[in-house]
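Visitor: I would like to know what lies behind the labels. Please take me through them one at a time.

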Amino acid sequence: MSGTGETRDGVSLTNLDQPLFEGADATKRDLVDYLDAVRDRILPALHGRPLSVVRVLRGQDPFMQKNVPKYAPPWVDTVTLWAETSRRKVSYALCDDRRTLLWFANQRAVEYHPALIRAGDRAHATHLVLDIDPPDGGAFAEAAGAARLVRRVLADVGMAGVVKTSGAKGLHVFVPITEAPHEEVAAATRAVAARAERLDPGLATTAFIREDRAGKVFLDSTRSGGATTVVATYSPRVRPGVPVSCPLSWDDLDAVTPADFTIRTVPALVAVRDPWAEEMPEPRPLDAGLVEEGRTIPVARVQAMHEGKRRARARRAQEES
């Protein structure tokens with residue numbers, strides 16, 4: 001349909017020919033068309049999970065939206081969760097169908113960040129996740145090498161995961177797990193990162209404070225807990241060219257770059273098969289040794305906060321002396 005508006009699945013789509021955001025080289029229509037084209041791929045990753053989205057309104061900076069706006073249609077399902085950080089109840093959307101996905105696209109929701117829990121079971125995460133972040137100016141090959149370290153650690157304890165681009169410059173390793181409390185998942189995640197770092201300390205680091213990373217790939221083990229979200233596989237990102245967080249085969253890590261996957265290229269790549277679903281192993285229990293080791297490792301954010309305060313005190317003392 002020509003013009004700037006149309007209707008799909010009962011959802012009115014407006015201003016479709018407007019630029020999506022500065023540097024996107026894409027319109028709102030391009031976003032809608034992409035999400036509609038990959039709906040059978042992205043919806044399973046969102047289904048039943050409390051959802052946060054990153055929206056980009058005209059003339060405004062991108063912002064993350066957790067609470068469903070009051071003007072949302074009544075058919076947008078929601079779940080209310082207590083947000084510990086903000087000390088309030090948050091009404092999250094559940095994006096379980098095409099109509100809801102199209103409504104979000106029309107709201108200029110570019111990024112989709114589902115929780116690592118399902119709305120029906122908030123006490124247990126479904127995946128252990130490592131976020132692999134290369135240094136500024138670092139090559140994607142370095143992130144790929146660090147991801148392989150994580151894979152080796154998992155294999156040593158009889159666990160397995162899948163890998164995807166983050167949609168930025170790094171990678172995410174997702175490890176499906178059977179029912180486990182958040183505290184155990186967090187501990188196991190810290191242990192996986194620590195063991196991967198020990199395999200090649202010249203390549204990878206668990207240092208949470210950026211200035212302590214010495215140009216190494218950061219293994220972020222903080223993606224755990226009931227409120228934790230990670231950008232969904234097949235989600236676009238608010239970045240130049242609108243890249244997509246796209247699943248990869250472990251064998252393909254050296255043959256691709258994150259820039260290969262955009263809202264223009266991904267639909268054809270996943271039209272016939274869903275590599276994320278096909279590559280995902282069966283959930284396995286957490287290794288008890290990982291949990292035990294992880295409990296001895298300080299929580300990175302807490303440790304970094306205390307270290308930051310210590311360094312600030314030291315700087316003040318030096319300035320006053």
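**Labels and their reasons**

Guide: Start with Cys95, in what is a predicted model. Its relative accessibility is 0%, so Cys95 counts as buried.

Visitor: What makes Cys95 count as buried?

Guide: The cut-off is under 20% relative accessible area. Cys95 is at 0%, so the label "buried" applies.

Visitor: And Cys246, buried or exposed?

Guide: Buried, because its relative accessible area is 3% and the limit is under 20%.

Visitor: How many disulfides does a search of the whole structure find?

Guide: Zero.

Visitor: Why is there no bond between Cys95 and the closest cysteine sulfur, in Cys246?

Guide: A disulfide needs the two sulfur atoms within 2.5 Å. The sulfur of Cys95 is 19 Å from that of Cys246, so the pair is too far for a bond. Cys246 is in no disulfide either, as its nearest cysteine sulfur is that of Cys95.

Visitor: Why is helix 3 called largely enclosed?

Guide: Helix 3 covers residues 98–106, and seven of its nine residues are buried, so the rest of the structure largely encloses it. Among the buried ones are Leu101, Leu102, Trp103 and Phe104. After helix 3 comes Arg108, with a positive phi near 65°.

Visitor: What makes strand 8 and strand 12 a pair?

Guide: Pairing takes at least two bridges. Strand 8 (residues 127–133) and strand 12 (residues 217–220) have three, so they count as paired. The sense is antiparallel. Ile132 stands opposite Leu219 in strand 12.

Visitor: Which helix packs on the sheet and touches strand 8, strand 11 and strand 12?

Guide: Helix 5 (residues 182–199). Its direction makes about 40° with that of strand 8.

Visitor: What is the strand order of the open sheet?

Guide: Six strands run 11-12-8-10-9-13, with mixed pairing. Strand 11 (204–205) and strand 13 (247–248) are called edge strands because each pairs on one side only.

Visitor: Which strands does helix 4 lie across?

Guide: Helix 4 (residues 140–156) lies across strands 8, 10, 11, 12 and 13. Its angle to strand 10 (171–176) is about 15°.

Visitor: What is the volume of the second largest pocket?

Guide: About 440 Å³. It has 25 lining residues, and the closest to its centre are Arg49, Arg118, His127, Trp276 and Met280. Helix 2 (39–46), strand 10 and helix 7 (275–279) each give two or more residues to that lining.

Visitor: Which element gives the most to the lining of the second largest pocket?

Guide: Helix 2, with three residues.

Technical notes
Residues numbered from 1 in each chain as written. Predicted model: local features only at pLDDT ≥ 70, side-chain atom pairs only at ≥ 80, totals over all residues. Heavy atoms only, no water. Helix = DSSP H or I, 4+ residues; strand = E, 2+ residues; numbered from the N terminus. Contact = heavy atoms within 4.5 Å. Axes fitted to C-alpha atoms, helices over the stretch in contact; angles between N-to-C directions. Buried < 20%, exposed > 50% of the residue type's maximum accessible area, 1.4 Å probe, protein only. 1 Å grid on protein atoms, 1.4 Å probe; cavity = no way out; pocket = protein on both sides within 12 Å on 5 of 7 lines; lining within 4 Å. Points joined across faces, edges and corners; volume = space filled by probe spheres on them.
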